[in-house]
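Biologist: Before we discuss this model, I should like each structural term to be justified by its value. Please set every value against its criterion.

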Amino acid sequence: MDKPEVRIRFMQNMDQFLSRVTLSPLFMTLLENHTCAHNLIKTFQGITDIAAKKVFIFTEFNRDRNACNELVDFLKRSGQYHAARELELYNQWTEPLVYSQDGITDITGKKVFIFTEFNRDRNACKELVDFLRRSDQPDAARELELYNQSTAPLVYSQDVRLTVKKAHTFRSGETRWFVMDGAPRGRVLLFLQVPELQNEADRFDDLFQKLYFSVDVYKNYSCDEIVDTLKTASKGEFKKDALIVMFIGHGRDQMVQGNGPSDEIHIKKLVDLFSENKCHVTLKPKPKIFVFNCCRYYTGVNPQEPVVDREWMDGTTRTFICYACADGTEAFYTGNGYTLYGQAFSHCIAEYAHDLSLTQIFNKTCDEMNRAIIQQRPELIMKNVDREMYFNPGLYKDK
């Protein structure tokens with residue numbers, strides 16, 4: 001139930017709808033198998049009031065269409081067919097029902113609607129705080145203000161392991177999102193070419209495993225070995241949801257370096273191994289993410305290979321290409337076993353993957369790096385990407 005007009009209509013009639021719902025033992029047992037229950041169920045168990053339990057379930061467990069469909073199924077299986085049918089109508093893609101002319105008449109329903117729908121971003125919530133103060137409700141204003149505090153700036157840790165926040169909303173499938181609900185969810189091929197950055201490789205290894213990816217780390221590979229590894233991955237059957245290729249090492253002139261200064265290969269040739277006419281049919285519809293954490297300066301020794309050309313654009317689909325620095329510039333280390341980009345990107349994944357898409361996480365990474373003393377300016381190129389990709393940490397479907 002993620003279309004605004006549908007959600008508003010549902011909220012207008014929530015009081016009447018909830019009166020038809022019974023939190024029977026069977027329904028509550030079924031709810032424990034909901035895809036959002038992994039993280040929401042603990043919060044839910046702390047609510048003792050029955051009316052509040054219902055409001056929580058039907059506002060937090062139905063934030064996307066698939067999650068709402070599960071609630072419809074649970075209602076049917078627990079014998080609540082009228083409520084199931086009504087919820088099913090609200091969850092249609094097309095205009096589901098004619099809007100009520102009366103709106104919300106119940107006082108409690110009005111309060112629920114105001115403080116769930118009028119405070120979906122920080123600025124809107126600040127307005128509500130102001131209105132409460134101006135209407136002589138200082139205690140309620142102060143409490144709401146405490147809930148609406150800004151998140152603290154990221155503090156970079158030198159520890160290899162970071163804590164990943166878990167998602168409450170499942171964003172996977174349909175026409176808006178890539179399918180990202182498996183466990184394991186994807187595969188990571190990580191090439192570490194600089195021994196001094198072992199900490200960074202270990203961190204991403206641990207981080208991606210927490211996101212349900214299997215991780216293979218390859219150290220000091222030659223370009224021929226890198227190509228052979230990627231060819232094998234490209235041509236084999238791919239049953240997981242996403243593929244990530246990460247390179248941590250040296251680069252120049254749009255090339256990455258293997259196990260020596262004279263061992264180099266163009267980035268475009270590596271990515272092209274996964275173009276539609278070269279990869280396995282099972283990998284074509286899946287998102288493919290390439291992360292090149294290396295320098296991109298030009299030496300003038302070799303002709304500059306274009307970052308994007310028409311032939312490459314036509315053959316590469318559903319592909320994200322993340323560069324640690326801008327074209328023609330250098331990437332830098334922190335001196336603590338991490339690169340500037342790796343430090344920022346890893347923390348942004350851990351902090352924001354529960355609620356933001358890959359592109360939004362990349363934007364957060366850019367914002368973090370813009371505050372650094374040394375400006376590096378990462379770049380993201382998306383090639384025929386037709387959906388958003390969410391990692392959905394903590395949520396998965398049994399297959």
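Modeller: The model is a predicted one. A nonpolar surface patch of about 250 Å² is formed by Ile114, Phe115 and Phe118.

Biologist: Why is Phe115 called partly exposed?

Modeller: Phe115, which is placed in helix α8 (residues 107-117), has a relative accessible area of 35%. The partly exposed class lies between the limits of 20% and 50%, so Phe115 is partly exposed.

Biologist: How do you know that α11 is roughly parallel to α15?

Modeller: Helix α11 (residues 198-210) packs against helix α15 (residues 340-352) at an angle of about 15°, with the axes 11 Å apart. Angles under 35 degrees count as roughly parallel, therefore the term applies to α11 and α15. The crossing of α11 past α15 is left-handed.

Biologist: What makes the contact of Asp327 and Arg296 a salt bridge?

Modeller: The N to O distance between their side chains is 3.8 Å. The criterion is a nitrogen within 4 Å of a carboxyl oxygen, so the pair qualifies. Asp327 lies in the loop between β8 (319-323) and α15, and Arg296 in the loop between β7 (288-293) and α14 (310-315), so the salt bridge ties together parts that are 31 residues apart in sequence.

Biologist: Why is Arg296 called buried?

Modeller: Its relative accessible area is 1%. Buried means under 20%, so Arg296 is buried, whereas Asp327, at 32%, is partly exposed.

Biologist: How do you know that Arg134 is exposed?

Modeller: Arg134 has a relative accessible area of 66%; exposed means over 50%, so the term holds for Arg134. Its side chain meets that of Asp130 in a salt bridge (3.0 Å, N to O).

How values were computed
Residues are numbered from 1 along each chain as its sequence is written. This is a predicted model: local features need pLDDT of at least 70, side-chain atom pairs count only at pLDDT 80 or more; totals for chains, interfaces and linings use all residues. Side-chain values use heavy atoms; hydrogens and water are left out. Patches are made of residues with over 30% relative accessible area and no salt bridge: like charges are joined within 9 Å, nonpolar side chains (Val, Leu, Ile, Met, Phe, Trp, Tyr) within 5 Å. Accessible areas come from the Shrake-Rupley method with a 1.4 Å probe; for residues, only the protein chains shown count as cover. Helices (H or I, at least four residues) and strands (E, at least two) are DSSP runs, numbered from the N terminus. Buried means under 20% relative accessible area, exposed over 50%, partly exposed in between (1.4 Å probe, protein chains only). Axes are lines fitted to C-alpha atoms, for helices over the stretch in contact, and angles run from 0 to 180 degrees between N-to-C directions. Angles under 35 degrees count as roughly parallel, over 145 as roughly antiparallel, 65 to 115 as roughly perpendicular and the rest as oblique. A crossing is left-handed if the near helix is turned anticlockwise from the far one by less than a right angle, and right-handed if clockwise.
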